[in-house]
Amino acid sequence: MPKNTTDTKGKGKESETAMKKKGRSEGEGGGSKNTVGSSLLLNKGQVKTGTFTAAEKADVEKDKRLSSALIGYSKFDVVTNKSKMTFRRWNDRDLIKDQVNKLVTSFMVDGVNRFKVANAIPVAIRKEDVKAGSYGSDGHAMEDLKYMELTLDAQKRVIETGQSAIIVASGQHRIAALEQYHTFLGKAKKESVRGMKALEKTKLTDVDDMEIDEENKIAKPKRDEIDSSIAFGGEWIVIIYDLDKLDYELGLHLSRNQYEHVYKESPEEGLVQKFKMHSAKPSPKNDWKSVPTLAVSKGTAYKQNDLLRMDYAWAFLDKFVPMGTQIFDRKGSLKLAPLHSTMMGLSGGVLTYFCDAMEKVFRMCFNAKDMDFEDIPQDDAAASALMLKDLRRQVPIVEAVLPPIRDIVNAAFVEHLGPGTSASHVFACGEDAEWSSAFWLYVETVVSSVSDTVDELERSGEIAMMGLSDEAKKAVHNCAPKMQFVLSLANWNDEQGCMFPFMCRAVYSHMESLLDIIPDALTELSMWFSPYLAYKDLHPPPWNPGADTAELRRVVLSHPDIKPSRRIVVLHSVQLHRDSGYECSLLVP
């Protein structure tokens, strides 16, 4: 009987399977049209709402458990009491010196932010060990946070057992960096006080007003700032958890450094952000004079601040940054280290001068003035001069300089005038047949491509979705005729025979490579003006000259023997070096 029953069941199963196969092959629809997709065998249900993954759910659950273990927020001297705290209870990370040094540099550049809740150090203590009233529920109270204290019983137990009542879940690098930073501040203050005392003992006849102003307006405020920071001692915001409610799993979760989703900005992006922060300050502190001096003498932060403290590098960034951070594409000459080297090198001043001038001309093509191709004067010098004067008076609308237009200008330069072309070695020398021929091809490409691109953007309606103001849309619509007009003049800098392209990423790199070939000529030209650097009124105390050619530029624009109205003209002549018969030798090796 058992055997027969088993066989019958087996046959039943086979019959059931056979029926399913038959149903799949024949189906109600019959024939070859029947597919798995047409059947109801696949689960095609759609998720209507968002759901967490298993890992996310686990993290959320742990965060909820941590919330129930939260006691409150306080401030605590983590440096003085470092020996009374226990580290590496749940995570045995070693103290990495490089990470400490990076934090110290961050403190110097961006401040300590010791009471910012996002920087809080998590500590675990038994609730009965924390003195009542020494913590609060507001993590954003900043310097008004209450100071954390242990109860007398807890203090007595620590002394008797030698075991700490405070477990630090994470933050050992912050504590080590704060300790090192305070040591640095102490040394900096001693050095400043030593300079002040030396000045005190100097006879009035041996000191000029600028040295006294530097002490009163720069050195003294800096000492006050150091004193204010030192006054906080080793205080830092701590977030207190009840140790009795933390198991090993929660301890690990609390001590984990979660940086997976934090975007690490590149040094170039950091430079752009710092420039934007300083330039956004209310006038008159929104220029290079507002950038503080850093005590560090190397590293990313040093290079960034060094560039921002140069008036000519500031002018360069003022023109380049609106092009978008993608202009600093982490490649070649516009990476931070090469950029810093160039700006501080021989060619920094002349390079930034030309970049600034070419960008100004490019922006002349983007304003609210109506203009069509038919409006361009033909063989009429007087009418052209009036139109150029009118364009120069217009206020540029920077938002109208769209990335696609930048890309066209860059590609056209690379194609006709850049490295590898027949004209690459005679940059901007209009008297050279190769450059002149290539330049007009460049003009044709730029104007026609920009005109076609603008038409397509307007026809497709894409420009309407860019969030541009009505004036900016108008500026984009009229930019191609203005480019045709401006480029056709080919002598915008009042120097005959010069044909300069519009400013773009490729132009910068190409000019830099050409200037690197002629360091001796740059040095000689700069030396001609070096005697004038002795005039202290030309250089305010905060200014650091940087490049030799930048010194030349500053001297010309500040020279007491040159009429203010003529200084820019003289600068054109000096930069182009035409008065000496070199025919643009600064740019044409």
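1. Helices H2 and H7 are roughly perpendicular to each other (an angle of 65 to 115 degrees; under 35 is roughly parallel, over 145 roughly antiparallel, the rest oblique), because they pack at an angle of about 100°. H2 covers residues 54-69 and H7 residues 248-255, with axes 10 Å apart. Axes are lines fitted to C-alpha atoms over the stretch in contact, and angles run from 0 to 180 degrees between N-to-C directions. Helices (H or I, at least four residues) and strands (E, at least two) are DSSP runs, numbered from the N terminus.

2. This is a predicted model: local features need pLDDT of at least 70, side-chain atom pairs count only at pLDDT 80 or more, and totals for chains, interfaces and linings use all residues. Residues are numbered from 1 along each chain as its sequence is written, and side-chain values use heavy atoms, without hydrogens and water.

3. Which residues of H2 and H7 make the contact? H2 brings Asp59, Lys62, Asp63, Arg65 and Leu66. H7 brings Glu249, Leu250, His253 and Leu254. Contact means heavy atoms within 4.5 Å.

4. Now strand S5, residues 235-242. Eight of its eight residues are buried (under 20% relative accessible area, 1.4 Å probe, protein chains only). Both faces are covered. One side holds Glu235, Ile237, Ile239 and Tyr241; the other holds Trp236, Val238, Ile240 and Asp242.

5. S5 has paired strands (pairing needs at least two DSSP bridges). S1, residues 70-77, pairs with S5 in the antiparallel sense over seven bridges. Aspartate 77 stands opposite glutamate 235. S3, residues 121-125, runs parallel to S5, joined by five bridges. There, isoleucine 125 has aspartate 242 as its bridge partner.

Methods:
Buried means under 20% relative accessible area, exposed over 50%, partly exposed in between (1.4 Å probe, protein chains only).
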